[in-house]
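Me: I should like to examine how the terms used for this model are justified. Please set each value against its criterion and then conclude.

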Amino acid sequence: FRIYPSLWASFTIFVAIYLVIGAALTTAAVNFEARSILQDAMLITTHINGFMWTLQTELLAVPVVFLLFIVKHRFGATALIAAFLMFACLSFTGHWNKLLSEIPLLQPMYAFVAGMLAWVTCRRYKGLSGWWLASAGIGFLLTRPLIGWGSSWSMLFESIFAALIIAMLVANPHLGRTAGFTNGVLRYYGRISY
């Protein structure tokens, strides 16, 4: 419900630009045939705008998140930790990452579980100071320069730091105000972010 309207809006612009002036992100005209357009509009493929693979990943995560939500209510947060560790280990295998496509759609699946853990455990971060938030923010920003821009480890650590930041901000709303997260521009991008 959230992804498809914004997808169709941007997708319509891409197709219109191609039909009017012939400009596209892809060089293959076959990607603008009716069948390909329909497949891209449903996120079955991402030939017209390859960056939409991130939305494909999000759609794949929806049933996983729903299932894990049920499992969490049955077995507690331990089940989420186990799922996070399982997906994190799988993310280092090429077979898992490219199980559905040449694009590694399944690699960041653990990031969704990290987000669920942030929600479940946020109360534990209630009394933390701004130094903890700053440390997690610095860790997030330094992960790729220190570990490597294309490293699977970088994605994993970024997900952990992001989950910690979110958990701390949810547990301590005053930290968000102090850190400037109530800025109108940041709040706008937070609302429209997918």
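Me: What makes the crossing of α4 past α6 left-handed?
Reply: In this predicted model, α4 passes α6 in a left-handed crossing. The term applies if the near helix is turned anticlockwise from the far one by less than a right angle.

Me: Why are α4 and α6 called roughly antiparallel?
Reply: The axes of α4 (residues 77-90) and α6 (residues 109-121) cross at roughly 155 degrees. Angles over 145 degrees count as roughly antiparallel, and the two helices are therefore described in that way. Their axes come within 8 Å.

Me: Which residues of α4 and α6 meet, and how do they divide into nonpolar, polar and charged?
Reply: From α4, the residues A77, L80, I81, A83, F84, F87 and A88 take part, and they meet M109, Y110, V113, A114, M116, L117 and V120 of α6. The contact residues comprise 14 nonpolar, no polar and no charged. Ala, Val, Leu, Ile, Met, Phe and Tyr are among the types that count as nonpolar.

Me: How do you know that the span of α6 is close to the expected one?
Reply: α6 has 13 residues and reaches 19 Å from its first C-alpha to its last. The expectation at 1.5 Å a residue is 18 Å, and the span of α6 is close to that value.

Me: Which residues of α6 are buried, and against what do they pack?
Reply: The buried residues of α6 are M109, Y110, V113, A114, M116, L117, A118, V120 and T121. They pack against α3, α4 and α8. In general, an α-helix has 3.6 residues a turn, so residues three or four places apart point the same way.

Me: What is the corresponding account for α8?
Reply: α8 has 20 residues and reaches 29 Å from first to last C-alpha, close to the 28 Å expected. Its buried residues include L156, E158, I165, M168 and L169. The buried residues of α8 pack against α4, α6, α7 and α9 (173-178).

Me: Why are α1 and α3 called roughly antiparallel?
Reply: α1 (residues 3-21) and α3 pack at an angle of about 160 degrees, with their axes 12 Å apart. The cut-off for roughly antiparallel is over 145 degrees, and the angle makes α1 roughly antiparallel to α3. I3, Y4 and L7 in α1 meet L55, E58 and L59 in α3. These contact residues divide into 5 nonpolar, no polar and 1 charged. The crossing of α1 past α3 is left-handed.

Me: Why is L43 called buried, and what is notable in its phi?
Reply: L43 has a relative accessible area of 7%. Buried means under 20%, so L43 meets the criterion. Its phi is near 65 degrees, a positive value in a residue other than glycine. L43 is found in the loop between α2 (34-41) and α3 (53-75).

Me: Why is H47 called partly exposed?
Reply: The relative accessible area of H47 is 42%. Partly exposed lies between the 20% and 50% limits, and H47 is therefore placed in that class. H47 is also found in the loop between α2 and α3. H47 and L25 are 22 residues apart in sequence and 8.8 Å apart in space, C-alpha to C-alpha.

Me: What makes N97 count as buried, and which residues does N97 touch?
Reply: N97 has 8% relative accessibility. With the limit for buried at under 20%, N97 therefore counts as buried. N97 lies in α5 (residues 94-97). Residues up to four places away in sequence aside, N97 touches L90, S91, I103, P104, L105, L106 and Q107.

Me: Why is I147 called partly exposed?
Reply: I147, in α7 (residues 130-147), has a relative accessible area of 40%. Since partly exposed lies between 20% and 50%, the term applies to I147. Beyond its neighbours within four places in sequence, I147 is in contact with W153, S154 and F157.

Me: How many helices and strands does the protein have, and what share of its residues is buried?
Reply: The secondary structure comes to 10 helices and 0 strands. Buried residues make up 35% of the 194 residues.

Key:
Residues are numbered from 1 along each chain as its sequence is written. This is a predicted model: local features need pLDDT of at least 70, side-chain atom pairs count only at pLDDT 80 or more; totals for chains, interfaces and linings use all residues. Side-chain values use heavy atoms; hydrogens and water are left out. Axes are lines fitted to C-alpha atoms, for helices over the stretch in contact, and angles run from 0 to 180 degrees between N-to-C directions. Helices (H or I, at least four residues) and strands (E, at least two) are DSSP runs, numbered from the N terminus. Angles under 35 degrees count as roughly parallel, over 145 as roughly antiparallel, 65 to 115 as roughly perpendicular and the rest as oblique. Contact means heavy atoms within 4.5 Å. Buried means under 20% relative accessible area, exposed over 50%, partly exposed in between (1.4 Å probe, protein chains only). The expected span of a helix is 1.5 Å times one less than its number of residues.
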